[in-house]
Each structure stands twice: as structure tokens, then as C-alpha cells.
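Here is a friendly walk through a protein structure, written for someone meeting one for the first time. Have the picture open while you read.

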Amino acid sequence: MTMRRLINLKRVEARRIYLTYFIVIAAYVICQTMSSTKFLSSSMRGMLVPICAYMVMAISLNLVVGISGELSLGHAGFMSVGAFSGVATAILLQKVLPFAPARLAIAMIVAAIFAAIAGFLIGIPVLRLKGDYLAIVTLAFGEIIKSLLNNFYFGVDSGGLHFSMLTDTTRLLKGGRLIIRGPMGISGIQKIATFPAGFILVMIALMVVFNLVNSRSGRAFMAIRDDRIAAESIGLDITKYKMMAFVTSAALAGAAGALFAMNYSTIVANKFDFNTSILILVFVVLGGQGNMLGGIIAAAVLTILPEKLRQFSEYRMLLYAVVLIVMMLATNNAEIKYFLSRLNPFRRKEEAE
Amino acid sequence: MIFLNFFISGISLGSIYAIIALGYTMVYGIAKMLNFAHGDVIMVGAYVCFYAVSRYGMNPFVGVVLAMAVCTSLGIVIERFAYKPLRQAPSLAVLITAIGMSYFLQNTALLLWSSNPKVFPSIIGRGSFKLFEGKLSVSHVTVLTIATCVIIMIVLSLFISKTKLGKAMRACSEDKGAAQLMGINVNATISLTFAIGSGLAAIAGALLCSAYPTLMPTTGSLPGIKAFTAAVFGGIGSIPGAFLGGLMLGVIEIFAKAYISSQLSDAVVFGVLIVVLLVKPSGLLGKQLQEKV
């Protein structure tokens, strides 16, 4: 199915998709070899899983921002829903399922389902809005998710599952375990997230998004992005398609959140705040809206670079801010665009194409 | 009596939101953009005022005027270099630029003034009026905040409705092209709007930090977002709407803190935003806009 669809695509488009898969696989093989031959420093090895998680986040947000043309500022919220539900699942399964990769897979699937449900519930009100309002409401939901998770208690004992809000009233029996502890988050997580698992998740995310984008629905997303009124007038169900993009994106973000969380021993809801949402937005904007490969590369570079340039770490967020502003000015202002095109030595070639 | 106390502190917080919301609502009305960096202009204003008063020992009111001057120029500069080149760009690009600008201000402040919280000196001391035999105490800052807000509202409403510049602003928000044809300098009018909004932000910054004296580079962002919520609540583009929305949001927030949970009060405020946008997207006093094809 995938193959036939790719062959039917325009050649340029298909080439770009193959190139993306190829680069991701090649990067994985190189990193894995370097990692197993101890060529990679331990700090770099520790960053492989977060990089994969951020790549999936970039792909997922790109589906909303680049393909469907709506700005979501609460994407870290879906990541945290996935992180908490995934880790809780993994802890619950610890005794039943000793095989770690299977536990990780189930945890990520559960995380994706929970995040998709959250995406659907949030999507119902949010997708009726558009533009700036939509952006600010996604921001609001991101903050609401954060403060709800900060006040959520969840535990397990021989009597079953217990949860409570605001204060810990779960009253667990002896031998029970309080898994989510409000503002303290979850601690004592087994670090079962591995680089191969991260790689597989990136590949799955790419396949899902590429297949979706190059399907009838994907063309509908782009039609709605380019002209909502025209799309509506030819009978496209705007809400349905927007919801489809939003829920898919949320599910991917949830799986990424679970992967991310299981790389650390402790996670708290405050980790997934507005700054994280902006960080992911920077990946998407720097990589090019709608360009999956660009987002993936940006995610990798912007995660590794700050580690390598520790002495400039104070300037990191400032740099991100400048990146956002300059990218927008460079791609949207006619005069600056013209100026940049004159600097480009390959200008002739591009014009001929 | 406790209820009345909460109500008054709600009105006071709401007055600050209302002053901030004015900046959002005026800019949105004219430039049709959400100036995300507005909250951080508040923070810059508060820092300028802080340094003027506690480092250089100026009179607090001179400090506020200085902060207004700095913020006004900052607003004009931001508009000129970040937003003006994007006048024709899609709104998504403008919004991302504004978010970038907000981060730029926050992180510049972080480098200049460090992340250590500063204790802001109240601009008129910490005294309070005692009413009903001491059962009800209203601090001087509260009275000053509410009075300032009312004065600003009256002056601004008169400015918009009676003066020539105000008329130009109304014309620009109605139809920029037609305003240009009528000989109105649209760019200058937009700059003026940013200048007024940012100047008000400086006042809001000084008042906010007098009431809640911790000053950090991130001080402005949350009140900024809440004030935007207030602007949407009251109907974006409408000045009485910003006033009403700000006051109501302040009261809702304080009541949520007092009677529901202090940790969930932000969630309640954002919940209000979502409900308003769903039930009446044009806000309490906003105009219903028809979409033209």
C-alpha cells in the first residue's frame, strides 16, 4: 500500500520522502555503531533517546503547524499526558511483564491512546476557533493540563487503582504504591527507553505522517490551510480534517512523551511547560514549516548544540528567540527575501527549475 | 466581611489586568495582531522603575514616568523592526514573531538583570486604610491601583472619541485602506497605538509589582496572558470591554484562589477563556464580525 502510493506520487515528492527515510536510517546506523564501539561520549549517549523524542515531537507539531496551518502552543501538554500515562502503565506492568521492550511498547501505545483522547477532547472546543484565538486556547489548555497533573495523585494497592485530586486521599493499603504524587511527579522510574526503540518510534511517526499527508485527507488538510473558505465551499468537512490532524499529532506527541519520560528516573509536570512547547515550535520553524526532514535535523542540532556549547548556555534561549524572529522576517518579508535571494549563489539554478 | 475583602483585592488585581488588557485590545483592534511581547514590556517597565527607585533613589513617581518613557520607545522600536516588515504576512508568521519577541525580551532581561528575584519597593508604601473598626483593611496600593485604572480609562476613552488622533485610530481599525485614502498616516497611527499600549504597560508593571513585590524576568508573561484573556473576555478591540473583562477576571481569579484552590486558580482563569470563546467568541462587549468571502 505504502509502496504503491509512493510510486504514484510526483517524483520530486517521492524522492524527498525516500531521502528522509534514508537519512534517518543512516543516522541511526552511524550513531548505533559509534555508541557500541564506545566512540560516543557518555553524555552524548545519554542524549540519544531525548533527541529521538524531540524528533517525534517535531514531526507531530509539524503536522499541525506546517501541514494543517494552525499554531498549537500547548504541545508539551500532550507530551506530559503521554509521559504520565505511559510511565504509570509501565510501573503497573512491572510485575506482570518482565520483558522490558514489550513493556515499553505497551506503555507507548497506552500513552498514545491517552494523548489522543486528550487531543480529541481539547480539539472539540479548540478547532472551532481559528488563528490567534486557537493558538491562545491551546496555550491555555497546555497550562491547564500542567496544573491538573500537578495536583493529581494516583496509586495502586491490592484493592485496585486509586486516584484523587488536590490532596492525597487515596489511602492506600499496606504494600500499595503511590505512583503519581502531585507536584512531586513520578519517581523511581525504570529507565527502559532505548535508542533502538526511539529510532523505531521516529520511523513510525514518519510513516504515519507521510502516509497521512499524501492521502486524500492530507490534501484536504493543505487545501483548508491554503484557503479555508474555498475548501469549505467544495464540501470539505473542515472540523473533521482538522480533528484528524490534531488527534494524530497528539497521539504521536504522547508516545514521544512516554519515550522521553522513561529515559529519566524522575519526571514532574513542570518539565512540560510553555518553554517546552516553544522549543518544539522552534524546531518546526527552523526546519521549515511542513518539512519533516528539516524539523528532525533541527531537533537533533538544537539538542546537541547547547550541550557542546555549555559556556554559552545562558544565550541559548536568546538564540532561539532570535531564530524565530529572523526566520519569520526572512521568509515573509518581500524585501528581505529579495536581498537573501541575491546572496544565494545557486539562484540561477533555482529559477530555472 | 472576608468576602468583601476578597472582592476588593479581586477588583484591584482586575484593575491591573484591565490596564494591561488595554494594550492588547488597542493593538489588536488596529494591527489585527496578538502582541505576545506585551507582557514582557510590563516586566521591562517594572525593572526600570525598580532600578530608578532603589538604585538611584529617585522619587517613585519620577521612576514610573521614566519607565513609561523607556517602554514607549521600546514599543515603537519593537513595532518598527519586528512587526512592521510583516504587515502583509500571514497571521501565523506574525504570531510566531511576537512569541519570538517575547522570548527575546525575557532572555535579554535574564542576561542584564539575572534571574534572582528582586523585592520591588511599593511606590506608595505599605500602609492601609482601616474601615469598619479594623474589620476591613484596604491597602494604599489597592486604592491607588483602582484610582489609576479608572483615570486611565476615562482619559483614554475621551482621547479615542474626542481627539483627531483618536478618530484616526478608529478609522484605521475599521478599514486601513480607506483610512489611507482619507489622508491618515496609517503607519504613524499604528506606531502611536503601540506607544500608548507600551506606556500603559509600564504603569501596569509598577502597580503589579507594588501589589505582588517579586520581580523576575518572567514576571510579565503570566499576567500578560491573563490580561489577554481579559481582553478577549470583554470583547477584543473594545476599551470598555477591556475594563469590564479585566475587573471580572481579577475577581474570578481571587475567588478561585480563595474558595476553590490556590493551585488551580490559573486553570480556572484559562477555563473561563475557553468557555467565553466557545459561547460568545466576540466577548461581552465586542462587535460581531462578519466574514467576507
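The report below goes from the parts of chain A to its meeting with chain B, and then to a few places in chain B. Keep in mind that this is a predicted model.

**The two domains of chain A**

The domain assignment divides chain A into domain 1 (2-308) and domain 2 (316-353). Taken over C-alpha atoms, the centres of domain 1 of chain A and domain 2 of chain A are 29 Å apart. Contact between them involves four residues of domain 1 of chain A and five residues of domain 2 of chain A. On the domain 1 side, α11(A) gives the most, with three residues. By class, that side has four nonpolar, no polar and no charged residues.

**The nonpolar core**

The largest nonpolar core holds 215 residues, and Val56(A), Ala58(A), Val87(A) and Leu259(A) touch the most other members. At least three residues of this core come from each of domain 1 (2-308) and domain 2 (316-353) of chain A.

Which residues does Leu259(A) touch, leaving aside its neighbours within four places in sequence? Its contacts are Val49(A), Cys52(A), Ala53(A), Met108(A), Ala193(A), Ala197(A), Gly198(A) and Leu201(A).

**One residue in a helix**

Now look at Thr248(A), which sits in helix α10 (residues 238-261) of chain A. Is Thr248(A) buried or exposed? Thr248(A) counts as buried because it has 22 C-beta neighbours inside 10 Å, and 20 or more are needed for that label. Not counting residues up to four places away in sequence, Thr248(A) touches Leu63(A), Val208(A) and Leu212(A). For a sense of scale, Thr248(A) and Thr331(A) are 83 residues apart in sequence and 28 Å apart in space, from C-alpha to C-alpha.

**A pair of strands**

Chain A also has strands to find. Strand β1 (residues 152-157) and strand β2 (residues 160-165) of chain A pair in the antiparallel sense, over six bridges. A hairpin of two residues joins β1(A) to β2(A). To see one bridge, find Val156(A), whose partner in β2(A) is Leu161(A).

**Where the chains meet**

How many residues of each chain are in contact with the other? The contact takes in 36 residues of chain A and 33 residues of chain B. On the chain A side, α6 (131-149), α11 (274-287) and α13 (316-332) each supply at least two residues. With twelve residues, α6(A) gives the most to that side. Sorted by class, the side of chain A that touches chain B has 25 nonpolar, seven polar and four charged residues.

**Places to visit in chain B**

Helix α9 (residues 221-234) of chain B has 14 residues. From its first C-alpha to its last, α9(B) reaches 20 Å, close to the 20 Å expected at 1.5 Å a residue. Of the 14 residues of α9(B), 13 are buried, so the helix is largely enclosed by the rest of the structure. After α9(B) comes Gly235(B), with a positive phi near 105 degrees.

Two residues of chain B have a positive phi although neither is a glycine. Their values and places are set out here.

| Residue | Phi | Loop in chain B | Exposure | Other C-beta atoms within 10 Å |
|---|---|---|---|---|
| Lys32(B) | about 55 degrees | between α1 (2-31) and α2 (38-55) | partly exposed | 16 |
| Ser114(B) | about 60 degrees | between α4 (91-113) and β1 (118-119) | exposed | 12 |

Why is Ser114(B) called exposed? Ser114(B) has 12 other C-beta atoms within 10 Å, and a residue is exposed if it has 12 or fewer.

How values were computed: Residues are numbered from 1 along each chain as its sequence is written. Chains are lettered from A and ligands numbered from 1 in the order in which they are written. This is a predicted model: local features need pLDDT of at least 70, side-chain atom pairs count only at pLDDT 80 or more; totals for chains, interfaces and linings use all residues. Helices (H or I, at least four residues) and strands (E, at least two) are DSSP runs, numbered from the N terminus. Two residues are in contact if their C-beta atoms, placed from the backbone, lie within 7 Å. Ala, Val, Leu, Ile, Met, Phe, Trp, Tyr, Cys and Pro count as nonpolar, Asp, Glu, Lys and Arg as charged, and the others, Gly among them, as polar. The expected span of a helix is 1.5 Å times one less than its number of residues. A nonpolar core is a set of buried Ala, Val, Leu, Ile, Met, Phe, Trp, Tyr and Cys residues joined through C-beta atoms within 7 Å. Domain bounds come from an automatic or database domain assignment. Two strands pair if DSSP finds at least two bridges between them.
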